[in-house]
Amino acid sequence: MNNNTEYKSGFISIIGRPNVGKSTFLNRVIGQKIAIMSDKPQTTRNKIQGVYTTDDSQIIFIDTPGIHKPKHKLGDFMMKVAQNTLKEVDIIMFMINADEGYGRGDEFIIEKLKNTNTPVFLVINKIDQIHPDELFPLIEQYKALYPFKEIVPISALQGNNVDTLLRQIHEYLPEGPQYYPADQVTDHPERFIISELIREKVLHMTREEIPHSIAVVIDQIKKRENNGAIYVGATIIVERDSQKGIVIGKQGKLLKEVGQKARADIEALLGSKVFLELWVKVQKDWRNKSGQLRDFGFRE
Ligand code: GDP
Ligand code: MG
Ligand code: K
């Protein structure tokens with residue numbers, strides 16, 4: 001730690017419409033696959049903290065589930081989580097896609113921002129997708145909508161200007177302790193990451209047939225005495241019988257492939273051989289049963 005300056009630390013919430021690149025940014029900064037990336041909206045449904053530690057500061061990022069107009073109970077719940085988060089954090093990073101016009105989703109988020117006193121950075125992502133001339137009008141447009149403390153154009157994918165953003169975040173961080181050990185990048189239990197890795201594979205392999213509403217519950221994680229491998233048992237929860245058929249596939253082919261791909265990722269995560277067993281269960285309308293949300297790992 002530098003002796004001339006006080007140590008700084010703080011919590012940052014990343015908000016923005018689905019697919020603007022929040023997880024990509026987090027993964028670039030933290031340098032490890034902790035937030036699941038997908039081109040399907042709403043892959044991230046829970047708070048994931050990525051901890052970025054330097055010798056004079058610690059930033060704790062929260063990959064907030066997308067704020068959007070709730071269509072059902074789960075959406076409602078997600079939005080409440082996101083809104084509570086906004087008031088508790090030190091900085092809000094509102095991320096937009098440079099390549100997409102201002103939309104209803106952004107309007108909705110800006111309305112929510114007006115209810116907080118937290119400093120807000122506008123992060124214009126995917127600048128690799130636009131001509132530099134398009135940037136200035138975009139900045140002017142957003143400046144008129146909200147008093148952003150900083151406006152930072154980046155490419156989370158290619159890394160452009162991410163260092164600048166980190167430096168600006170540092171400026172706004174309050175003095176504070178190092179909350180987490182320097183080598184810790186996430187405080188989420190591996191259980192959640194594993195369930196997201198499995199969910200990601202199902203979503204990728206089923207394309208549009210299976211909605212993001214599926215859940216994956218980890219039933220068991222335990223070390224096997226005889227060979228040192230880690231046993232993981234998990235259940236994929238779908239809403240309809242037809243979806244169960246799709247996830248299992250012809251003669252179990254699709255589920256087997258999901259298992260193979262997920263197992264490779266889980267082995268990389270745990271640094272150990274993994275034995276993965278998957279089940280598929282139909283649970284009708286689970287999204288609207290609030291009481292069950294907690295069981296699936298959602299926390300307020
Ligand atoms: P999230 O829903 O906001 O978490 O978005 P993701 O991080 O999952 O990214 C959605 C998609 O946008 C993925 O296909 C990313 O590879 C892509 N993406 C993210 N950042 C950039 C970027 O800076 N440039 C480009 N071209 N694509 C990006
Ligand atoms: Mg995400
Ligand atoms: K996504």
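Select L197 to begin: with 22 C-beta neighbours inside 10 Å, this residue counts as buried, since the threshold for that class is 20 or more. The model on display is a predicted one. L197 has its place in helix 6. Now add D265 to the selection and draw the C-alpha to C-alpha distance from L197: the two residues are separated by 68 positions in sequence, yet by 7.2 Å in space.

**Helix 8**

Next, select residues 253-270, which form helix 8. Does its length agree with expectation, and what is the span between its end C-alpha atoms? At 1.5 Å a residue, the 18 residues should span 26 Å, and the end C-alpha atoms are indeed 26 Å apart.

Within helix 8, highlight L255, V258, A262, R263 and I266, which are its buried residues. Viewed down the axis, they cover an arc of only 135 degrees, which puts them on the same side of helix 8. The general background is that an α-helix has 3.6 residues a turn, so residues three or four places apart point the same way.

To see what this buried set packs against, display helix 6 (190-206) and helix 7 (241-248), together with strand 8 (230-238) and strand 9 (274-282). Then turn to the other side of helix 8, where K253 and Q260 are exposed. Finally, step just past the end of helix 8 to G271, whose phi is positive, at about 60 degrees.

**Strand 3**

Move to S57, in strand 3 (residues 57-63). Is S57 buried or exposed? It counts as buried, because 22 C-beta neighbours lie inside 10 Å. Leaving aside residues up to four places away in sequence, the contacts of S57 are Y7, K8, S9, H170 and L173. Select G10 as well: 47 residues separate G10 from S57 in sequence, while their C-alpha atoms are 8.5 Å apart.

**Confidence**

Colour the chain by pLDDT for the last stop. The chain has a mean pLDDT of 81, with 77% of its residues at 70 or more. Select residues 39-46, over which pLDDT stays under 50; the model nevertheless has 26 contacts for this stretch beyond four places in sequence. Residues 290-300 are another stretch to select: pLDDT is below 50 there too, and the model gives 13 contacts beyond near neighbours in sequence. For the complex, the predictor reports an ipTM of 0.97 and a pTM of 0.65.

Technical notes
Residues are numbered from 1 along each chain as its sequence is written. Chains are lettered from A and ligands numbered from 1 in the order in which they are written. This is a predicted model: local features need pLDDT of at least 70, side-chain atom pairs count only at pLDDT 80 or more; totals for chains, interfaces and linings use all residues. Helices (H or I, at least four residues) and strands (E, at least two) are DSSP runs, numbered from the N terminus. A residue is buried if 20 or more other C-beta atoms lie within 10 Å of its own, exposed if 12 or fewer, and partly exposed in between; C-beta atoms are placed from the backbone. Two residues are in contact if their C-beta atoms, placed from the backbone, lie within 7 Å. pLDDT is the predictor's confidence in each residue, from 0 to 100. The expected span of a helix is 1.5 Å times one less than its number of residues. The arc is that of the directions from the helix axis to the C-beta atoms.
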